[in-house]
Amino acid sequence: MPSPRAGDDTTAAADRDRRAAVPDDVTGAAVEPGGLMSPELRATTIGVIALVSLHAFEALALTTVMPTIARDLDGEALYAMAFTATLAAGIVSIVWSGNLADRRGPRPPLLIGLVLFAAGLVLAGLAPTMHVLIGARVVQGLGAGMTSTALYVLVTRVYPPRLHTAVLAGFSAAWVVPSVAGPFVAGLITQTLGWRWVFGLSLVVLVLASLLLARIVPGLRQDLVPVPWRGRALGCSVVVAGAVLVLNAAAEHVDGRSLAVAAVAAVVLVAAVVPLLPAGTLRLARGLPTDVALRTLAFAAFSGAEIYLPRLLTERDGFGPTLAGLSLTVTGVTWFLGSSVQGRWDARFEVGRTATVALGLMTVSLVAMAALVAVGAPAWTLIAVFPVAGFGIGTLYPRVTAQALGRADDDEQGFVSSALQIGDSSGGASAIALSAIVFAVAGSALPGSYALVIAVMALPVLVATVAARRVR
């Protein structure tokens with residue numbers, strides 16, 4: 001457990017409160033457990049991994065079946081918006097969740113997030129139009145942002161520092177089964193029962209994850225800590241979310257006016273996101289700002305390319321949802337392999353070199369993909385090359401995340417956790433919105449539009465590669 005601030009007159013009382021907040025059979029600080037699956041941590045580990053697996057399944061399933069959903073609901077023009085809406089809504093709930101977690105611990109945002117996510121799944125499964133589906137995705141995004149930030153705070157409160165990298169690598173491991181089975185199962189359900197049942201299956205997984213977490217939730221109670229509400233940050237998060245949605249909406253009807261609106265939205269987005277991130281993030285200042293920036297750039301590049309790969313395989317190669325999801329399956333496995341290397345042997349690799357290699361692999365993968373798409377290379381080459389980017393981001397994530405969380409004092413864990421998530425959400429949403437504009441400007445032509453989108457997505461990860469040494 002991270003130590004309280006030195007010199008705080010309330011240190012002893014705060015320390016007793018924190019220990020009382022989580023019982024000895026759950027907290028790592030009180031019992032110094034031997035590992036993630038030791039008796040005192042087993043229930044906690046299984047519960048959080050189950051929830052991460054739910055997010056993984058839902059994300060991969062939707063990416064796999066969205067081409068089908070867009071056709072059925074006559075919403076091809078809103079294809080990217082279905083992804084952006086979730087990330088944009090998550091920006092707001094991440095800030096709220098981080099602030100709430102600093103005041104009351106991870107329990108309230110976790111419970112609120114589970115309820116919102118369940119409501120979003122129900123609404124999405126019943127959606128009669130693409131616009132209603134996007135509304136449901138907004139509710140899902142609110143729930144996902146609440147729970148994801150709560151889980152990061154839970155890690156810092158429950159697990160000892162020596163297990164942080166391992167448990168964060170476990171978060172990536174939680175994507176393995178959904179990565180292997182999720183796209184296939186989602187495609188199979190879509191081709192047999194219909195895509196609406198994919199959301200139904202996600203709801204079942206959510207219920208199971210909630211039952212597992214019920215074991216530890218009562219022990220996460222915490223007395224109110226006098227951390228003020230970050231009203232400015234909450235307001236900025238709403239502005240960022242709105243700017244992201246306006247940016248994405250510009251792709252629906254591309255003309256001079258919409259592009260001008262998109263440019264203004266981009267400027268507003270950057271100005272509003274600055275207060276939500278550590279000072280110096282935009283200029284890649286050494287330390288925590290670079291930790292956040294590298295994750296943001298890597299996730300932006302990965303997200304913008306990932307959502308178009310199944311669509312490309314569906315439109316160009318005639319793949320059904322099941323086969324189109326194969327690229328995501330393989331990539332999920334390589335993401336896990338990269339995380340496993342860091343989870344087991346992180347002490348053997350200097351962080352700056354690790355980040356440089358990981359981001360370099362991502363850059364090479366995306367540039368190669370753009371070239372392969374441009375020359376009309378067969379589908380198997382794309383399915384083989386994109387997983388290299390998965391290995392790169394899987395290697396990067398647990399290392400820089402553990403380092404960022406390790407820099408935070410107890411009453412700053414919520415802010416750092418939310419900053420990491422905001423970086424992902426705002427970066428990913430912006431990249432997807434940009435990819436939608438690029439795709440529309442290119443005229444949705446095969447293969448040029450897809451090649452151009454992937455090439456543009458290689459730019460942020462190239463910048464991150466150049467700056468990777470500043471992470472130390």
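Student: Which domains does the lining of the largest cavity draw on?

Tutor: The lining takes at least three residues from each of domain 1 (40–227) and domain 3 (280–471). Keep in mind that this is a predicted model.

Student: What makes it a cavity and not a pocket?

Tutor: The test is whether a 1.4 Å probe can get out: in a cavity the probe fits but cannot leave, whereas a pocket is an open set of points. By this rule there are three cavities of 30 Å³ or more, and the largest cavity has a volume of about 1100 Å³.

Student: Which residues lie nearest the centre of the largest cavity?

Tutor: Of the 44 residues that line the largest cavity, His55, Ala59, Leu87, Trp175 and Phe299 lie nearest its centre. Several helices take part, each with at least two lining residues, including helix 3, helix 4, helix 7 (164–173) and helix 12. Helix 6 gives the most, with nine residues.

Student: How do the residues of that lining divide by class?

Tutor: There are 22 nonpolar, 17 polar and five charged residues in the lining of the largest cavity. Now look at the lining of the largest pocket: 20 nonpolar, five polar and no charged residues. Glycine counts as polar in this scheme.

Student: What else is there to say about the largest pocket, such as its volume?

Tutor: The largest pocket has a volume of about 630 Å³. Val270, Thr296, Leu297, Gly427 and Ser430 are the closest to its centre, out of 25 lining residues. Helix 18 gives the most to this lining, with six residues. The lining of the largest pocket draws at least three residues from each of domain 2 (230–276) and domain 3 (280–471).

Student: How do you know that the length of helix 8 fits what is expected of a helix?

Tutor: Helix 8 covers residues 176–192, which makes 17 residues. At 1.5 Å a residue the span should be 24 Å, and the end C-alpha atoms are 24 Å apart, so the two values agree.

Student: Where in helix 8 is there a kink?

Tutor: At Gly182, shortly before the proline Pro183, there is a kink of about 40°. Gly182 and Pro183 are both among the buried residues of helix 8, and so are Val176, Ala186 and Ile189, to name some others. Just after helix 8 comes Gly194, with a positive phi of about 115°.

Student: What about helix 4: how far does it reach from its first C-alpha to its last?

Tutor: Helix 4 reaches 33 Å with its 24 residues, close to the 34 Å expected at 1.5 Å a residue. Helix 4 also has a bend, of about 25° at Ile91.

Student: What makes helix 4 "mostly covered"?

Tutor: Count the buried residues: 21 of the 24 residues of helix 4 are buried. Just after the helix, Gly105 has a positive phi of about 85°.

Student: Why is Asp74 called exposed?

Tutor: The cut-off for exposed is over 50% relative accessible area. Asp74 has 66% relative accessibility, so it counts as exposed. Asp74 sits in the loop between helix 3 (42–72) and helix 4 (81–104), and its phi is near 55°.

Student: What makes a positive phi worth pointing out outside glycine?

Tutor: Most residues other than glycine have a negative phi. Leu284 is not a glycine, yet it has a positive phi of about 60°.

Student: Is Leu284 buried or exposed?

Tutor: Buried means under 20%. Leu284 is at 15% relative accessibility, so it counts as buried. You'll find Leu284 in the loop between helix 11 and helix 12.

Student: Why does Ile112 count as partly exposed?

Tutor: Partly exposed is what lies between the two cut-offs, 20% and 50%. Ile112 has 30% relative accessibility, so partly exposed is the right label. Ile112 is part of helix 5 (residues 107–126). Ser97 is 15 residues away from Ile112 along the chain, and their C-alpha atoms are separated by 9.2 Å.

Student: And how do you know that Leu294 is buried?

Tutor: Leu294 has a relative accessible area of 0%. Buried asks for under 20%, so Leu294 is buried. Leu294 belongs to helix 12. From C-alpha to C-alpha, Leu294 and Thr281 are 9.4 Å apart in space, and they are 13 residues apart in sequence.

Notes
Residues are numbered from 1 along each chain as its sequence is written. This is a predicted model: local features need pLDDT of at least 70, side-chain atom pairs count only at pLDDT 80 or more; totals for chains, interfaces and linings use all residues. Side-chain values use heavy atoms; hydrogens and water are left out. Helices (H or I, at least four residues) and strands (E, at least two) are DSSP runs, numbered from the N terminus. The expected span of a helix is 1.5 Å times one less than its number of residues. The bend at a residue is the angle between axes fitted to the seven residues ending there and the seven starting there. Buried means under 20% relative accessible area, exposed over 50%, partly exposed in between (1.4 Å probe, protein chains only). On a 1 Å grid over the protein atoms alone, a cavity is a set of points where a 1.4 Å probe fits but cannot get out, and a pocket is an open set with protein on both sides within 12 Å along at least five of seven lines; lining residues have an atom within 4 Å of a point. Grid points are joined across faces, edges and corners, and a volume is the space filled by probe spheres set on the points. Domain bounds come from an automatic or database domain assignment.
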